[in-house]
Amino acid sequence: MLTRNCLSLLLWVLFDGGLLTSLQPQPQKSLATEPRKNVIRLPGRRAPFQRVKRGWVWNQFFVLEEYMGSEPQYVGKLHSDLDKGEGTVKYTLSGDGAGTVFTIDETTGDIHALRSLDREEKPFYTLRAQAVDIETKKPLEPESEFIIKVQDINDNEPKFLDGPYVASVPEMSPVGAYVLQVKATDADDPTYGNSARVVYSILQGQPYFSIDPKSGVIRTALPNMDREVKEQYQVLIQAKDMGGQLGGLAGTTIVNISLTDVNDNPPRFPKSIFHLKVPESSPIGSAIGRIRAVDPDSGKNAEIEYNIVPGDGGNLFDIVTDEDTQEGVIKLKKALDFETKKAYTFKVEASNLHLDHRFHSAGPFKDTATVRISVLDVDEPPVFSKPLYTMEVYEDTPVGTIIGAVTAQDLDVGSSAVRYFIDWKTDGDSYFTIDGTEGTIATNELLDRESTAQYNFSIIASKVSNPLLTSKVNILINVLDVNEFPPEISVPYETDVCENAKPGQIIQIVSAADRDLSPAGQQFSFRLAPEAAIKPNFTVRDFRNNTAGIETRRNGYSRRQKELYFLPVVIEDSSYPVQSSTNTMTIRVCRCDSDGTILSCNVEAVFLPVGLSTGALIAILLCIVILLAIVVLYVALRRQKKKDTLMTSKEDIRDNVIHYDDEGGGEEDTQAFDIGALRNPKVIEENKIRRDIKPDSLCLPRQRPPVEDNTDIRDFIHQRLQENDVDPSAPPYDSLATYAYEGHGSAAESLSSIDSLTTDADQDYDYLADWGPRFKVLAEMFGEEESYNPDKVT
């Protein structure tokens, strides 16, 4: 109620006092009958008041948030000078929340809020008003825009969005040392009232810390807070709005504050003297005892450095700091001898490494203690000069070569001789031997680094006076490599190249391997073999990192021309002596798409058209085979018909009798019979073409000597048959050849019936039937009786 009264008083002062001009309708006067007069002061000059006519009477309105009344909350009133109160003007409202959040009385222009509003959700609403004539539906005034602000109330408590907090401050800090700043956020309106004005206070954590009420800065409140006494503090901070007044809302958070260490404590020895007993057989460099100083600080402030004060024993012993335990480790710098000296006394100083100048006045940050070492007499085994012996030897070193030696000594007063031997439990004795007196190690077999690169075995040294006192040391022998193997390609590569490859394209990365191993590692070089360097299709690019790339040198490759390429690559190592080898790579040409993806590398794919499947190819080949079979069958039928026509008559077509009824040219008038077949073979040598077939090549008839009897004729005919059988131009069916001339001096003279003086009856041709099926037709022709007809001319 007090807040609402204050708000009303403030608005009255602002508006009625002249700071703002209120255009809300006054309940005492009727603005419809008496329009308000607005007085405007012009800046920079004093002028008499002027009347300014206003069409709208309105201003920025306010509505109280979180209103809980039963009736809609009244916001304000809109009024136009043209409204005479006769009900002819209609007021409309549009914009943010019009009709849902705010409503207007169309006749009076009164605006009400329909529901409770939250300023933190939406601080203001922008609306537009319009006065319209009820009868004409036309606007009486231009549309005007105004704002309704949601008036804040204190409904949100302060909140620490970043809490809880963690902070630290060095110990021994003075009063007022800065620790941390906290901040609380209030969602209320910071420009209106005290709803968002926050005040900070400490509820828990006093008297160690304090906080500034306005800024929230936490500071120390006590001097010289000691971490070694108390390290952790928990502080409860409160933030209250309304300036901390009664009735304000509050929020709290926790701040965990820890004291960080400073070097305010020196190291201290818990006792003034330390007694140590050390056997005389202790090896040089071994730790013979530990002492410790105590520092209550932590971290680097507790780091301690130990030093031996110069004096007795300072040259025999050394002390170092164990970083984990901050203890002083005493080590032996020289060998102890009980027979020479039995005890040593010296002082050790402990001091801090990191000093704080603020505490120098507290005194020196160091402490001193006495160390007494008693030497114990013992009978010790021989001591090797090294805890581990490492030796190197080249492979293929001749047997018996000395590669190193070990040394062991008896440190007792009455020193004894030492004997050496290889430990039988290890397998080094089969490859190496040791001299029992001198301790020299030599090879016993030829070594191969590729078989075994390292040998590890033990050597035992024993005292001659007491063989039971033995010492053992490990021997590590590294076999050094001799460059005896050439480098080779790591993997037998078979790579692919696209038909559409471009020059300079890397199609394969190759690497090499060498069974040899140089101490500094191998460096391989790659190059093209000399025989392939002349106009190569591919080349080798050495990347100088033990790898190389196979690079194309042509613009495209064709599988039809060449499917496989063999590329000889020479690989050379960098050891001495230099070894090299030639490795042949197989490069296969493949069909690829435009992106370089391989589609096919098969051999049969070379002849396939692009886009043709295997099933389609088989169908095409099947059709071709069927067409070829039809053609072959057709040709065979044609030849069969021709053969049947020729063999229908039992007489040779050359023996047909032709009638001539005129005095024409005789044989020149017909092509049924070739008279050249009956002429002298010497005359017809120029015409070598046979009548039964037109051969592709000419067959030269051979001259045979005249025969004396039928046996020669049979041999002659058989020979001619064989010549026709092997003649490649002969047809695939039998043809009848007539041999009409026997040559000069033949006892049988000519076989032709034209020049014969005797008839066929005088000749006996029965023997032709014995010549086989080939002469069956000939035997039937000459074996028949024929009468002579003078009307026919042969």
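**View 1. A nonpolar patch on the surface of this predicted model.** Here I620, L621, I624 and L628 come together as a nonpolar surface patch, with about 370 Å² of accessible area between them. One of the four, L621, sits in helix 2, which spans residues 614-646. With a relative accessibility of 46%, L621 counts as partly exposed.

**View 2. The disulfide of C498 and C592.** The two sulfur atoms are 2.1 Å apart, and the link is left-handed, at -85 degrees about the S-S bond. C498 belongs to strand 34 (residues 494-498) and C592 to strand 40 (residues 580-592), so this pair ties together parts that lie 94 residues apart in sequence. Both ends are tucked away: C498 is buried at 11% relative accessibility, and C592 is buried at 12%.

**View 3. The disulfide of C590 and C601.** In this one, the S to S distance is 1.7 Å. The torsion about the S-S bond is about 115 degrees, so the link is right-handed. C590 is in strand 40, while C601 is in the loop between strand 41 (598-600) and helix 2, 11 residues apart. C590 and C601 are both buried. Counting bonded cysteines along the chain, the disulfides follow the pattern 1-3, 2-4.

**View 4. An open sheet of four strands.** The strands run in the order 17-23-22-19, with mixed pairing. Strand 17 (273-279) and strand 19 (304-308) are at the edges with a single partner strand each, so one side of each has no neighbour in the sheet. On average, neighbouring strands are turned by 30 degrees against each other, direction ignored. Strand 22 (residues 343-352) and strand 23 (residues 366-376) pair antiparallel over nine bridges, and A350 stands opposite D367 of strand 23.

Conventions
Residues numbered from 1 in each chain as written. Predicted model: local features only at pLDDT ≥ 70, side-chain atom pairs only at ≥ 80, totals over all residues. Heavy atoms only, no water. Pairing = 2+ DSSP bridges. Helix = DSSP H or I, 4+ residues; strand = E, 2+ residues; numbered from the N terminus. Axes fitted to C-alpha atoms, helices over the stretch in contact; angles between N-to-C directions. Patch = residues over 30% accessible without salt bridge, like charges linked within 9 Å, V, L, I, M, F, W, Y side chains within 5 Å. Areas by Shrake-Rupley, 256 points an atom, 1.4 Å probe, with all protein chains shown as cover. Salt bridge = Lys/Arg side-chain N within 4 Å of Asp/Glu carboxyl O. Buried < 20%, exposed > 50% of the residue type's maximum accessible area, 1.4 Å probe, protein only. Disulfide = S-S within 2.5 Å.
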